[in-house]
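Reader: Please take a close look at one chain of this model and at how that part fits with the rest. I would like the burial, the helices and the contacts in one connected account.

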Amino acid sequence: MTRGNRILLSCIYWAFVLYVFVPLLLMILMGFKDSKFIGFPIRSWTLDWYTGVFADAEVVSTLTYSVAIAVLSTLISVFVGTWLAVLLEGRRFFGRAAIFGLTILPALVPGIISAIAFRIYARLLGIEPGMGAIVWAHAVHNVPFVALVVMARLSTLPKSQIEAARDLGADPIIAFLRITFPYLIPAILGASIFCLLLSFDDFVRSFFLGGYEPTLPVLIFAKLRSGMSPEINAIATVALVLTAAIGIWAERFTRRANKDAKT
Amino acid sequence: MSNDAAARTGTDTAAGTKPARTFWGGLSVWAPYTALMKLATASPRRQFVILAAFPILWVLTQHLGPMLQMLRVSLTDAYPVAPGVEQHFTLDNYTRFFGERIFWQPFFRTLIFAGVLTFCTLILTYPVAYFLARHVSRKNQMLMLLLLLIPFWVGEIVRTYAIMILLGNTGAVNLVLKWFGLIDRPVPFMYTTFSMGVGIVYLTALYMLLPLYSALEKLPKSYSEAAADLGAGAWTRFRRVTLPLTLEGISSGCTLVFLISTGFYATPVLLGGPSTTVFAETIAGFFHVAGDEWPTGAAFATIMFVTAMLLTGVFQKLMYTLRKGDTK
Amino acid sequence: MTKNTFSRRHFLGTAAMTGAALASPVYLRSAKAAGGEVNIWTYNDFVPKAFKEQFEAETGIKVNVRLVDDQGKQFNLLAAEAPNPTVDIMTVAGHRFLQFIDSELLAPLDTGRLSNWGNINPTFSESDWATINGSKWGAPILSGMEVLSYNTEMVSAEEAASWDVLFSEKYKGQTAYIIQDMMSIVMLMLGYDGNMVAYMDDPEKAAAIVEEAKQFLISKKPLVRKYYDGGAEVQQMFVNQDIALGHSWNGPAAALINDGFPLAMSIPKEGSYGFVYTYNIANNAPNVDNAYTFLDAILASPEIGASMTKASGFISTYKDASNYLTDLEKASTSFPEEQLANLQFFRAEANELKYNLVDPAVEAVKAA
């Protein structure tokens, strides 16, 4: 690789970093504006919006509620999505195309439609609106994303490895757990990030399937009715910092757990 | 490439799970387990049934179920059924779509937008993923990737308003341009196809970045070096070696981004201009403004997802043939 | 705003006000400590926090608030829950009653059970649009209207006296409006009845009028910056100076004025429409008695009405609520008498005819 190319690439990279971070910094900045509306010019500053977030018990409980929903629904999606990917990738059977179509179906339906369809179906199944219903809807909606990502990774798994394991007497389950699953872990982690994000950011399904406790996006939408205030920016920033902290902690924790298991 | 990758993962698993071997060894000779496995794997047919039963049941009840409800609604003339009104089945809701330009115009616009934006996202994020995977030390890769993911944790609405603060007449970009004396009066960036594109790519970049990165990361550097030894130029190396080997990442990234961007509602509505109505907005209109038009909304949604599904299918098939063609 | 100009401004319906008995500060004169709960769907800040806490303490009834952000979603949610909803009270815009009533989603309101009904300004509680099928369907709490909002540093009050300014070349690319609402206003501008009640027996004429309004908006499309949907959007456009003037509801505009932004509102001479948010009781509500207790309590004091106004920018329907507002808040929720004379309320009678014509027209304007 020539030097020029390399410099060009790094320029593009840092331009991209700028593109994704500038709006974020603006958001954090606006949380300090002493006004009920965000935007330039900022004439005076305040810490009230940020301190207000922690003083508001509703915001804090909403945040925990949203995180819990995201984690639970992600676990379900990853389990089902991976299983579907294993079934679909590299296998030929009658109706495979139909099953593939059905697998990605939930991702193809516009939000409002899928929310109403879920609401009607939930009543048919006797699922009460509330946390369980939201988790269910998010899990179903996110399965296609897991299946697609895992299938892509699975398609690159050398068949020879599985065959070798089978030749050595491993049954399909052990072969899966020992060879396939470890190979899929990066894809599964990536898919989990998608799922967590999709669930954490979902408004319309949470609104239709939820009860009287709002998730974070539902709360933000409701607050938006009375204007885009720095309060919303402060809430989003605090949510960002807290979820990032949880993410880093989880990453550290799993890394240490892996180390412990190895020694 | 498969041999190399196999060798790497092979040694990884062997080294990484040494103490577990006894567990797996123990399990594989544990009588109840072997008996169960014998029963389960008695025939390939039975094996397949066990593998397929749960996921097929899941997609039928969980994925298809809600949509069948919607399909049923799309074929009726009234829903929710007002008391004292009889419900009839009809195809009118579907014929309505083809009858009026105001409906199919946003439909095609959405498909074109989604296609173009998917392509833009690909062009924009490919170099980023390439830089990360090839020019950053392995140790720092994960950290830098995670860094890039941080902004995506902010909700769609809040991020969309941040774009307004960025591009508005008194927004950050105009302030900077003015400060440098490049402009006298603000440039109206907002409420155009441009602002909408900036906003949507901002939402979709992640879904492209991750699959691209994971495809590029797997690619051994030696390949490109070997090609260089043979005298291939940078562009040829990229086109003949890197690109074909990352097709699978491109395909899954594009599929994800295309699917997600056909369903976008809030961002195009908030950032778009007077003539950028997307189909999701048209559909939502039937549910928001007029409560008695659920069937039409449901029919239009059906048309949308059937089309998106067909396009995705064609695209996947195309990518599959491309990949096949390259390995031959 | 100087005191002088302020004194010329009037509150909606002041003329119709009668001497009101001062409301008791204790919400429930015959509190029975009922217990249980009451479930409410409403907008952010429509149930003041301080009131909610005091009500819960005094009655032992737990107030569960579910925040909604638009009328359409609320209708869909209720329709999906019918016939056994989880909700007791929800907040409906008065001119959308009919849709809810036809689907049997609302229960008629027994005003006899509300001892504080008299605290509502009769302009709202007793006007003819509030009575449908011989019954009252909701307790009015806040009132809004369609106004012309303008940045006072860019647009003069004289220019803002007519809706025409919204379509002038001078402000090309600096205007915004909600098409749906603008359709009614354009009909008014063209000299027709925007409620379409007058054409209920003449569907052809109705269609021709909607077509005319549609063609008008299409011809003016090159001049507009943005067709928007929600209050927060128009506020942001003003703050970012993406627009100099626009059609809006008075609530979001008042919130900007109260924040010190150089904005003003007018009800142009061609006229405009007003609407009312009401608290309604759901058909088959699970806690009807508690719902009535809650409604009676929230109507008890003008101070509660004032705090709703402070939070939302909409005008309180309570008698004497303005006594509890600051001068700036008073200014942002009142209009000169001669402008108020141009205001009429949205009516629901012809809604089916009207929206069957207007909804496709709105799509056509967007697609043009």
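Author: In chain A, 49% of the 263 residues count as buried. That value, like those that follow, is computed from a predicted model.

The chain has eleven helices and zero strands. Read from the N terminus on, its elements run α-α-α-α-α-α-α-α-α-α-α. The C-alpha trace spans about 75 × 65 × 40 Å along its principal axes. As for the reach of the contacts along the sequence, take those in chain A with a separation of 6 or more: residues 24 or more positions apart account for 77% of them.

One helix can be followed residue by residue. Helix α5 of chain A covers residues 111-125 and has 15 residues. From its first C-alpha to its last, α5(A) reaches 20 Å, which is close to the 21 Å expected at 1.5 Å a residue. This helix is mostly covered, with eleven of its 15 residues buried. The buried residues of α5(A) begin with Gly111(A), Ile112(A), Ile113(A), Ser114(A) and Ala115(A), continue with Ile116(A), Ala117(A), Phe118(A) and Arg119(A), and also include Tyr121(A) and Ala122(A). Just after α5(A), Gly126(A) takes a positive phi of about 80 degrees.

On the other side of α5(A) in sequence is helix α4 of chain A, residues 96-108, and Phe100(A) has its place there. Phe100(A) counts as buried because 23 other C-beta atoms lie within 10 Å of its own, where the cut-off is 20 or more. The C-alpha atoms of Phe100(A) and Gly130(A) are separated by 30 Å, and these two residues are 30 residues apart along the chain.

Helix α6 of chain A, residues 131-154, leads to the nonpolar core. It gives 16 residues to the largest nonpolar core, and this is the largest share of that core from any element. The core has 270 residues. Those with the most contacts inside it are Phe145(A), Leu209(B) and Leu245(C), one from each of chains A, B and C. In soluble globular proteins, nonpolar side chains tend to be buried together.

Chain A also has an interface with chain B. The contact takes 82 residues from chain A and 82 residues from chain B. On the chain A side, the element that gives the most is helix α1 of chain A, residues 3-30, with 16 residues. By class, that side of chain A has 62 nonpolar, 15 polar and five charged residues.

Chain B, the partner in that contact, has 16 helices and zero strands. Of its 328 residues, 40% count as buried. Among contacts in chain B between residues at least 6 apart in sequence, 68% join residues at least 24 apart.

Chain B in turn touches chain C, and here the contact takes 30 residues from chain C and 28 residues from chain B. The elements of chain C that give two or more residues to this side are α3 (71-81), α4 (97-102), β10 (226-227), α8 (231-239) and α14 (351-367). Among them, α14(C) gives the most, with seven residues. The side of chain C that touches chain B divides by class into nine nonpolar, nine polar and twelve charged residues.

Chain C is also where the core meets a domain boundary. Its domain assignment gives domain 1 (3-25 + 32-143 + 276-336) and domain 2 (145-273 + 344-367). The largest nonpolar core draws at least three residues from each of these two domains of chain C. Leu245(C), named above for its contacts inside the core, is in contact with residues outside its neighbours within four places in sequence, including Leu148(C), Tyr150(C), Val155(C), Ala160(C), Val165(C), Leu166(C) and Tyr171(C).

The C-alpha centres of the two domains of chain C lie 26 Å apart. Their contact takes 14 residues from domain 1 and 13 residues from domain 2. On the domain 1 side, α4 and α12 (327-332) of chain C are the elements that give two or more residues, and α12(C) has the largest share, three residues. The residues of that side divide into seven nonpolar, six polar and one charged.

Terms used
Residues are numbered from 1 along each chain as its sequence is written. Chains are lettered from A and ligands numbered from 1 in the order in which they are written. This is a predicted model: local features need pLDDT of at least 70, side-chain atom pairs count only at pLDDT 80 or more; totals for chains, interfaces and linings use all residues. Two residues are in contact if their C-beta atoms, placed from the backbone, lie within 7 Å. Helices (H or I, at least four residues) and strands (E, at least two) are DSSP runs, numbered from the N terminus. Ala, Val, Leu, Ile, Met, Phe, Trp, Tyr, Cys and Pro count as nonpolar, Asp, Glu, Lys and Arg as charged, and the others, Gly among them, as polar. A nonpolar core is a set of buried Ala, Val, Leu, Ile, Met, Phe, Trp, Tyr and Cys residues joined through C-beta atoms within 7 Å. A residue is buried if 20 or more other C-beta atoms lie within 10 Å of its own, exposed if 12 or fewer, and partly exposed in between; C-beta atoms are placed from the backbone. Domain bounds come from an automatic or database domain assignment. The expected span of a helix is 1.5 Å times one less than its number of residues.
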